[in-house]
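Open the model in a viewer and keep the selection panel at hand. The stops below are in the order in which to select them.

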Amino acid sequence: MYEIRKSLIKWIKSIGEAFVLENILNHMNKIIWGPATLCIFLGTGIFFLVVFNFMPWRRLGYALSLVFRPEKPAGKVKGDITPFASLMTSLGACMGTGNIAGVACALVLGGPGALFWMCLSSFTGLPVIFAECVLSVRYREKSKTGMMCGGPMYVMKYGIGKKTGMVLAVCFSVFTVGASFGIGNMTQTNAAAAAMKEIWHIPKPLTGFFMAVSVFLVLVAGIGGIGRICSIIVPAASMLYLSCAFTVIILNYRNIPGSFLEIIHMAFSAKAVTCGIGGSITASMYTAMKWGIARGVFSNEAGLGSAPIAAAAAKTDAPAKQGYIHMTGAFIDTAVMCTVTGLAICASGVLGMKDMNGQLITGVELTIRAFETALKGGGHIICAGMLFFAFPTLLGWAYYGEKALIFLTGQRFEKYAVVIYRILFCVMCYVGAVKALKPVWDFSDIMNGLMAVPNLICLWIKWREVREICLKEQKK
């Protein structure tokens, strides 16, 4: 009897500790990703847009041409992978399962108006990613193993220098390593494994094992292997998903005019208005802005400082040109992929549906319902999308975390740090798939938000240098 009572007390204490931890993380998440943070992201994008003379917008067509019709560099240039492979690595890292499930959540929480602000955030994110990547290529360096190392931490170390630069660089690197295990690992495998169990009835441990082994096999090949895999999976998965989403929109064409009117109305409604089936969703302009901008930032990662790490690996001698190439990632990821997902949900008429318990359907389940209004195999398409969007995200973030860890440990311990990190990363892939860890989602958001702090400080200090680099390259 004594042993039973002792075990019961221990169990209650463990639950209490978990509850406290979850509450702490939840409160921290709300503070870090509060209205002030979102205004800083939006304000930084608008400021950079103005000081760069709207160049990222004016040269978006040129940037897209560099992606689809790349220019051959004159002579031998530094770098590990092609500019296209570099872009696909960063695009795969930010695309993830959020483009399917995250958009649906934003529409439920912020109403259809969130889609407008989500799209707007992608355009204000263009100059931010452009500046990040220009600086990253400018301050990158070659390691003792012959691989390129770059990213905001190197900009802070060499561009800002002194104690301030090193403190910012170390903080950014620590937060990046933390984020790589959260948003870039466990949350992705968890969402993919849940979808595969629900639709294809595949046990979560089997999905976790498959993803962990697959990731390890690619990571062994280094950035070259990551770039090659992402260059195949990301375009193929994106085109397949877009074609299916457009089919859903076209077959629900009667609802398109009403959907657009509802999106605009709720995006600028000062008072809270209702929408969805039976008026089940209530949102105001503030709510739409909050969830739309937050989803946009999470989606394209503009300002977080992740994309520049991949940009530094590109074979190029022109920082501004690589900046143009990488800023298209924000456009493709949010303005195209997320917008099409949102329109498919709005046009399908499923927004506001409730489950058997009377709860609003959200996340991946809502997207599945939207696809099934036009496609019989809608659930299978979404399940495949979850898998093929999650896998490049794992690879991209593994590379980000690896480079951040190398910066922290130094090149002297590079080989040991990389081996340990890769093994641990793959183990956590499995753990994320089999465990439903709610605090991990909050932890992931917190790490992402903290990454942005030193990165945005660095950008505000170095924006004049970005403008000078652009002017010099234009004169050539």
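The tour goes from a helix pair to the enclosed spaces, then to the open pocket and some single residues.

This is a predicted model, in which local features need pLDDT of at least 70 and side-chain atom pairs count only at pLDDT 80 or more, while totals for chains, interfaces and linings use all residues. Residues are numbered from 1 along each chain as its sequence is written, and side-chain values use heavy atoms, with hydrogens and water left out.

**Stop 1: H7 and H15**

Select residues 113–138, helix H7, and residues 319–348, helix H15. Helices here are DSSP runs of H or I with at least four residues, strands are runs of E with at least two, and both are numbered from the N terminus. The axes of H7 and H15 lie 7 Å apart, and the packing angle is about 160 degrees. Each axis is a line fitted to C-alpha atoms, for helices over the stretch in contact, and angles run from 0 to 180 degrees between N-to-C directions. H7 and H15 are therefore roughly antiparallel; angles over 145 degrees count as such, under 35 as roughly parallel, 65 to 115 as roughly perpendicular, and the rest as oblique.

The crossing of H7 with H15 is right-handed, that is, the near helix is turned clockwise from the far one by less than a right angle, with anticlockwise giving left-handed. What residues make up the contact of H7 with H15? They divide into 19 nonpolar, seven polar and one charged. In this scheme Ala, Val, Leu, Ile, Met, Phe, Trp, Tyr, Cys and Pro count as nonpolar, Asp, Glu, Lys and Arg as charged, and the others, Gly among them, as polar.

**Stop 2: H12 against H15**

Keep H15 and add residues 256–267, helix H12. The two axes come within 9 Å and cross at roughly 115 degrees, which makes H12 roughly perpendicular to H15. H12 also passes H15 in a right-handed crossing.

**Stop 3: the largest cavity**

Rolling a probe the size of a water molecule over the atoms shows where empty space is left. On a 1 Å grid over the protein atoms alone, a cavity is a set of points where a 1.4 Å probe fits but cannot get out; a pocket is an open set with protein on both sides within 12 Å along at least five of seven lines; lining residues have an atom within 4 Å of a point. Grid points are joined across faces, edges and corners, and a volume is the space filled by probe spheres set on the points.

How many cavities of 30 Å³ or more does the whole structure hold? The search finds four. The largest has about 100 Å³ of space. To show its lining, select Phe41, Leu42, Ser121, Thr124, Gly125, Val128, Ile293, Val297, Asn300, Ala302, Gly303 and Leu456. H2 (35–51), H7 and H13 (285–300) each supply at least two of these residues, and H7 gives the most, with four. The lining has seven nonpolar, five polar and no charged residues.

**Stop 4: the second largest cavity**

About 70 Å³ of space lies here. Select Ser90, Leu91, Cys94, Ile129, Asn300, Glu301, Ser306, Ala307, His326, Gly329 and Ala330 for the lining. Helix H5 (83–95) and H15 are the elements that give two or more residues to it. This lining divides into five nonpolar, five polar and one charged.

Now centre on Glu301, a lining residue of this cavity. Glu301 is in the loop between H13 and helix H14 (307–311). Its phi is near 60 degrees, a positive value in a residue other than glycine. Is Glu301 buried or exposed? Glu301 is buried, at 5% relative accessible area; buried means under 20%, exposed over 50%, and partly exposed in between, with a 1.4 Å probe and protein chains only.

**Stop 5: the largest pocket**

The largest pocket has a volume of about 1500 Å³. It is lined by 48 residues, and those closest to its centre are Gly102, Cys105, Arg295, Trp441 and Asp445. Helix H9 (residues 162–199) provides the largest share of the lining, nine residues. By class, the lining holds 26 nonpolar, 13 polar and nine charged residues.

**Stop 6: single residues**

- Lys162 is found in H9; phi is near 55 degrees, positive in a residue other than glycine, and at 78% relative accessibility Lys162 counts as exposed.
- Thr328 is found in H15 and is buried, with a relative accessible area of 0%. Thr328 and Phe48 are 280 residues apart in sequence and 16 Å apart in space, C-alpha to C-alpha.
- Met289 is found in H13 and counts as partly exposed at 24% relative accessibility.
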